[in-house]
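User: I am new to this structure. Please take a close look at one part for me: the charged side chains and how they pair, with a word on any unusual backbone spots.

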Amino acid sequence: MSGQTDSPAILETRSIVKQFPRVLANKDISIKLKKGEILSLLGENGAGKSTLMNILYGLYTPTSGQILLDGKEVEFNSPKDAIEHGLGMVHQHFMLVDPLTVTENIILGSEPGKYGTIDYSQARKEVVETSKKYGLKIDPDAPIETLSVGVQQRVEILKALYRRAKILILDEPTAVLTPQEVDELFVMISELRNSGVSIIIITHKLDEVKAISDRVYVLRGGELVGERKTSETSIAELANLMVGRDVVLTVERKEKEAGEKKVFEVEDLRVLNSKGYPAVDGLSLNVRPGEVVGIAGVDGNGQSELAEAIVGLLPAAGGKIIHEGDDITHMSIKERMNRSISYVPSDRQKYGLVLQMTIGENIMIGNHDRAPFSTGIKLNYKYINSYAGELVDKFDIRTPDVLNPAGKLSGGNQQKVILAREFSRDPTFILVSQPTRGLDVGAIEYIHSQILAMRERNVAILLISLELEEIFALSDRILVLYKGKIVKELEPEKTSDKEVGFYMTGGKEEQRNG
């Protein structure tokens with residue numbers, strides 16, 4: 001991809017520092033965005049990239065340092081200031097109002113009209129003209145709640161362009177998109193660049209950096225550790241810069257015959273969401289020993305309700321959950337845990353750990369009422385900490401000692417504590433949900449290897465992930481989830497991410513064949 005990388009800087013930061021009470025989030029960061037360029041800002045969660053972009057967008061004020069636009073120093077005290085200077089930002093979590101139309105969302109806060117009256121027809125006309133100018137097709141009258149995630153993102157981009165943004169910051173823009181929507185987004189980004197918009201993409205996905213950007217800056221631990229022309233670097237080099245060491249980017253999933261018997265089954269399961277509607281709607285699946293079954297789907301299609309019903313956090317409204325031949329549909333969470341079922345939840349801090357408790361105490365959870373972890377009502381801390389110490393070594397948890405609170409660990413090490421606890425229970429079935437969300441490539445490499453090690457031990461594993469790359473890397477079978485139903489079963493070696501993406505968005509067999 002070739003941009004105008006010899007053009008002058010349209011945006012520049014000089015020695016930006018951002019100090020929070022206990023964290024130095026940005027340390028002496030200087031970057032340049034050239035006119036007509038697609039620039040990637042690469043780094044893992046906690047690297048400081050979102051903090052830097054929030055400074056550029058006026059959400060944070062820098063502790064020290066300068067921001068320059070077209071060579072002139074500027075100060076942004078709010079997003080309004082940034083917008084007035086031609087900056088637009090599309091956040092990872094869209095800021096749209098579902099019941100309102102596309103036009104109403106785009107003009108919100110910048111409504112044309114006089115004397116407190118909105119000139120809606122003029123607004124609609126301007127929205128249509130903006131969409132045509134930048135080649136972004138939308139229905140100006142469609143309610144947001146009727147649109148796919150990819151089209152909602154297009155509305156967010158149009159919202160920025162309607163406010164005459166000449167610099168566009170996209171925060172993790174592909175996080176919730178299917179492969180087809182990612183392709184459409186990249187075409188859109190290229191067209192925006194060709195029409196004069198300069199673009200910064202915040203991401204942690206190495207392949208996307210290579211696919212779309214002209215130049216890349218890499219942040220690690222709040223510092224700038226590298227700048228590369230994208231055409232002159234490799235994914236391996238970028239991974240090394242992100243983590244600070246060589247990383248194995250692909251784990252080897254050995255060929256393995258799964259056992260014949262079904263360790264875990266779900267039959268015609270129905271689960272209601274918080275509003276009383278079916279989030280899981282007649283779903284059936286099974287997992288055999290030594291098999292990883294991956295569930296792929298766009299977020300919000302019943303993944304969380306399925307996981308919570310399996311572990312007993314939500315009741316089943318119909319159907320059966322079966323473990324080793326026994327109906328466990330109405331068993332308590334504790335009864336399920338006692339049946340050699342382990343669970344790695346999607347939100348490690350909310351559901352996986354008690355952050356104020358020590359590593360030893362977190363590893364003990366679930367075993368606290370049995371010997372040798374306790375004697376009667378008294379916890380046996382000598383054994384708890386000795387046992388936790390062994391697992392800290394085994395699972396490579398980076399911590400001064402087992403008395404360290406879990407909240408003081410990095411995201412990757414917090415996830416390793418959960419894996420250590422759940423994988424050491426000697427499970428026959430493990431439900432693993434979003435195991436590497438927000439983790440660096442080094443932690444991802446390790447966690448994938450641990451999941452496959454459990455597969456080698458003939459454990460039945462159900463994997464729920466929004467990362468298709470992860471689904472393909474680990475799964476023996478892929479089940480596509482759409483609107484609470486399994487709509488397709490595929491073999492990783494005989495399919496593609498595009499085919500999986502097709503079924504993830506509700507595509508039908510006859511559409512593919514027709």
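Analyst: The place to begin is the backbone, at Pro-372, which lies in the loop between α12 (359-364) and β19 (374-375). A cis peptide bond joins Ala-371 and Pro-372. Its omega is about 0 degrees. Keep in mind that this is a predicted model.

Two charged residues also have notable backbone angles. Take Asp-268. Its phi is positive, near 50 degrees, and the residue is not a glycine. Asp-268 belongs to strand β13 (residues 264-272). It counts as partly exposed, at 48% relative accessibility. Now turn to Lys-483. This residue is not a glycine either, and it has a positive phi of about 50 degrees. Lys-483 sits in the loop between β23 (477-482) and β24 (485-490). Its relative accessibility is 56%; that is over the 50% cut-off, so Lys-483 counts as exposed.

Next come the pairs. Side chains of opposite charge can pair when their charged atoms come close. The structure holds 30 salt bridges. Three of them are worth following one by one.

Start with Arg-215 and Glu-227. They form a salt bridge, and their closest N and O atoms are 2.9 Å apart. The pair links distant parts of the chain, with the two positions 12 residues apart in numbering. Arg-215 is in strand β11 (residues 215-220), while Glu-227 is in strand β12 (residues 223-229). How buried or exposed is each partner? Arg-215 has 4% relative accessibility, which is under 20%, so it counts as buried. Glu-227 is partly exposed, with a relative accessible area of 42%.

Asp-396 and Arg-398 make another salt bridge. Here the closest N and O atoms are 2.9 Å apart. Asp-396 is partly exposed, at a relative accessible area of 30%. Arg-398 is exposed, at 56%.

The last pair is Lys-494 with Glu-491. Their salt bridge has its closest N and O atoms 3.7 Å apart. A salt bridge requires these atoms to be within 4 Å, so the pair qualifies. Lys-494 counts as exposed, at 65% relative accessibility. Glu-491 counts as partly exposed, at 40%.

Salt bridges can also share partners. Such bridges join Arg-253, Arg-455, Glu-456, Asp-476 and Glu-493 into one network.

How values were computed
Residues numbered from 1 in each chain as written. Predicted model: local features only at pLDDT ≥ 70, side-chain atom pairs only at ≥ 80, totals over all residues. Heavy atoms only, no water. Helix = DSSP H or I, 4+ residues; strand = E, 2+ residues; numbered from the N terminus. Buried < 20%, exposed > 50% of the residue type's maximum accessible area, 1.4 Å probe, protein only. Salt bridge = Lys/Arg side-chain N within 4 Å of Asp/Glu carboxyl O.
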